[in-house]
Amino acid sequence: MPKKSSSVKTKPVPIRLSEPMIEAIDFAIELGQGNDRNDVIRTAIANYLRELNVTNEMKKRKV
């Protein structure tokens with residue numbers, strides 16, 4: 001089944017991760033905790049931002 005296209009614009013962001021971090025991400029994928037590296041990294045960033053309440057603060061600024 002093809003993925004739905006999102007109306008949210010994305011930008012590529014090069015990041016540097018240590019080898020142990022990449023190994024841990026790959027291991028998480030093997031355990032079924034994500035589809036691929038991008039999925040795991042995006043989910044981790046989204047969870048982190050949610051913990052910081054950043055998206056809610058951004059919404060308040062737009063009002």
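The following note sets out numbered points on the predicted model shown above.

1. **Confidence.** The structure is a predicted model, and the mean pLDDT of its chain is 89. Of the residues in the chain, 90% reach a pLDDT of 70 or more. Confidence varies among the elements: helix α1 has the highest mean pLDDT, 97, whereas α3 has the lowest, 81. As a general caution, predicted coordinates should not be read in detail where pLDDT is low.

2. **Overall architecture.** The secondary structure of the chain consists of 3 helices and 0 strands. Read along the sequence, these elements give the pattern α-α-α. The chain is more spread out than a compact globule, because its radius of gyration is 15 Å, well over the 11 Å that the globule rule gives for 63 residues. Along the principal axes, the C-alpha atoms fill a box of roughly 40 × 30 × 20 Å. Buried residues account for 6% of the 63 residues; a residue is called buried when its relative accessible area is under 20%.

3. **Helix α1 and the residue Gly32.** Helix α1 covers residues 19–30, which is 12 residues. At 1.5 Å a residue it should span 16 Å, and its end C-alpha atoms are indeed 16 Å apart, so the expected and computed values agree. After α1 comes Gly32, which has a positive phi, near 85°.

4. **The segment before α1.** Two residues of this segment deserve comment. Ser6 lies in the segment before α1, and it counts as exposed because its relative accessibility is 54%, the cut-off for exposed being over 50%. Lys9 is found in the segment before α1 as well; with a relative accessibility of 81%, Lys9 also counts as exposed.

5. **Asn53 in the loop between α2 and α3.** Helix α2 spans residues 37–52, and Asn53 lies in the loop that separates it from α3. What is the sign of phi at Asn53, a residue that is not a glycine? The angle is positive, at about 65°. Asn53 counts as partly exposed, because its relative accessibility is 33%, a value in between the cut-offs of 20% and 50%.

6. **Distances from Asn53 to the segment before α1.** How far apart in space are Lys9 and Asn53? Their C-alpha atoms are 21 Å apart, with their positions 44 residues apart in sequence. For Ser6 and Asn53, which are 47 residues apart along the chain, the C-alpha separation is 23 Å.

7. **Lys60 in helix α3.** Lys60 has its place in helix α3, which comprises residues 54–62. Is Lys60 buried or exposed? It counts as exposed, because its relative accessibility is 58%. Lys60 and Lys11 are 49 residues apart in sequence, and their C-alpha atoms lie 23 Å apart in space.

8. **The largest pocket.** The largest pocket holds about 570 Å³ of space. Its lining includes Thr10, Lys11, Pro12, Val13, Ile15 and Leu17. Also among the lining residues are Asn38, Ile41, Arg42, Ile45, Ala46 and Leu49. Which classes of residue make up this lining? By class, there are 8 nonpolar, 2 polar and 2 charged residues. Lys11, mentioned in the previous point for its distance to Lys60, is one of the residues that line this pocket.

Key:
Residues numbered from 1 in each chain as written. Predicted model: local features only at pLDDT ≥ 70, side-chain atom pairs only at ≥ 80, totals over all residues. Heavy atoms only, no water. Helix = DSSP H or I, 4+ residues; strand = E, 2+ residues; numbered from the N terminus. Expected span 1.5 Å × (residues − 1). 1 Å grid on protein atoms, 1.4 Å probe; cavity = no way out; pocket = protein on both sides within 12 Å on 5 of 7 lines; lining within 4 Å. Points joined across faces, edges and corners; volume = space filled by probe spheres on them. Nonpolar A, V, L, I, M, F, W, Y, C, P; charged D, E, K, R; others polar. Buried < 20%, exposed > 50% of the residue type's maximum accessible area, 1.4 Å probe, protein only. pLDDT = per-residue confidence, 0-100. Rg over C-alpha atoms; globule rule 2.2 N^0.38 Å.
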